[in-house]
Amino acid sequence: MGGHLVVFTCADCGAELTAPLSQIALPAHTYQSVFHELLPVLMESGTYALNPWPSGPPFRSWEEVGEEEAASRGVYAPVHSLSYGPTGTVSVAPGDIRGTVWIPDQCDGYCIGLDGRDGPNLACAQCGRAVATRVDDCALWQVVWLEPQAVRPIVVDAPRPVLGWEELQKVLPERPPLESQGWWSPVWEAATAVALAHLLAVSEGVRVTVPDGLLADVFRRALDTLLPPEPPAKSLALAGPGLSSTVADIELVPLHPQTGEIWASDAEAVVPLAADVWMYLAFNDSRRLLPAMRRLPEGVYRDDPLPLLPSRLFHHDRYVFLGTLERLPEVRQPWLRAIYDDLRDRRTYDLFW
Ligand SMILES: [Zn+2]
């Protein structure tokens, strides 16, 4: 990953189908569904990512597939159906697509846009081969998925260096946890849902303690609800580049956005978190304090501007959480499987959307 700039071309006729793109890790919020919101574009312009898992039609039901075969395909808990579509579909920003035309019969969706339910809805303009699926329905991140068998990546420049963590800190876009009006960012709700699933998997079912602050706002309520209250307990702490080393049982470390690699740590257990969210947790201090005036005593400070405060408690994205948990072998442990079943079948917890 992160290596060359590539242009994806039509496998049949060689026509260029994208702008030059460099690879990044598939974002945690790729398959998130956010109510009836019109969401922005998933991929930053100039990037692409590969889905390592099968996706799209055909689907086979859980009953038909069975537990053993599902496990051989990396799914360890019951799901409604499994995709038997291709692995390695390529996500691209719609604005980076070139030389395609709609396939009008395939342009269905659930609401005001396209959700790709019928398979590819874009064809190569030069030869007519179905090459990609545009998704832009409300509630879904806008993206074009290139069919892996229908396209070829052509390298268009020399290898590019993988950025070090220090450089990344400078160039990664700021990802604040709160949006206007105090709504929690859906990107945070998805990234932390992935981390929460991994956290439970490495917790071995014992209490996990979280240091005060934003980390506690995001994880403590879920961990206190889903894990037993009594000792023994494991401690959780942020660890990673630029932080002084801590001693914690479980370390929350960043996932490199170009390579998808987990930051190397000696900890007994590590939990990966999307780098932009991790960076904010590790380094952001957005409070500006000014000396208070107007008859207040010297040494009293006030926030300027007032900090944005959340309009409600933090919730993790249920769908992203379940989608992560079902791919972790640890979900076969009875206690974790019970959490999975409760959430999947009865939506019992108030911790998730
Ligand atoms: Zn073509």
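The legends below describe views of a predicted model, beginning with the whole chain and moving to the pairing of individual strands.

**View 1. Overall fold and dimensions of the predicted protein**. The protein comprises 8 helices and 17 strands. Its radius of gyration is 22 Å, close to the 20 Å that the globule rule gives for 353 residues, so the protein is as compact as a globular protein of that length. Taken along the principal axes, the box filled by the C-alpha atoms is roughly 75 × 50 × 40 Å. Among contacts between residues at least 6 apart in sequence, 62% join residues that lie at least 24 apart.

**View 2. Burial, surface and charge.** Of the 353 residues of the protein, 46% count as buried. The area that the protein exposes is about 18,000 Å², and carbon and sulfur atoms supply 53% of this area. The protein carries 27 positive and 45 negative charges, and the mean positions of these two sets are 4 Å apart.

**View 3. An open sheet of 7 strands**. The strands follow the order β2-β3-β6-β10-β9-β8-β7, and their pairing is mixed. At the edges stand β2 (22–23) and β7 (100–102), each of which has a single partner strand, so one side of each is left without a neighbour in the sheet. Strands of a sheet pair through backbone hydrogen bonds, and they may do so in either a parallel or an antiparallel manner.

**View 4. The parallel pair of β2 and β3**. At this edge of the sheet, β2 is joined by 2 bridges to strand β3 (residues 47–50), and the two strands run parallel. Within this pair, S22 stands opposite T47 in β3.

**View 5. The hairpin of β8 and β9**. Strand β8 (residues 122–124) and strand β9 (residues 130–135) run antiparallel and are joined by 2 bridges. One facing position in this pair is that of L122, which stands opposite A132 in β9. The hairpin has 5 residues between the strands, and G128 takes a positive phi near 90°.

**View 6. The antiparallel pair of β9 and β10**. In the order of the sheet, β9 lies between β10 and β8. Strand β10 (residues 143–146) is joined to β9 by 4 bridges, and the two strands run antiparallel. Here V135 stands opposite V143 in β10, whereas A132 of β9 is the residue that L122 faces in the hairpin with β8.

Conventions. Residues are numbered from 1 along each chain as its sequence is written. This is a predicted model: local features need pLDDT of at least 70, side-chain atom pairs count only at pLDDT 80 or more; totals for chains, interfaces and linings use all residues. Side-chain values use heavy atoms; hydrogens and water are left out. The radius of gyration is taken over C-alpha atoms; the globule rule is 2.2 Å times the number of residues to the power 0.38. Buried means under 20% relative accessible area, exposed over 50%, partly exposed in between (1.4 Å probe, protein chains only). Contact means heavy atoms within 4.5 Å. Accessible areas come from the Shrake-Rupley method with a 1.4 Å probe; for residues, only the protein chains shown count as cover. Lys and Arg count as positive and Asp and Glu as negative; His and the chain ends are not counted. The place of a charge is taken as NZ of Lys, CZ of Arg, CG of Asp or CD of Glu. Two strands pair if DSSP finds at least two bridges between them.
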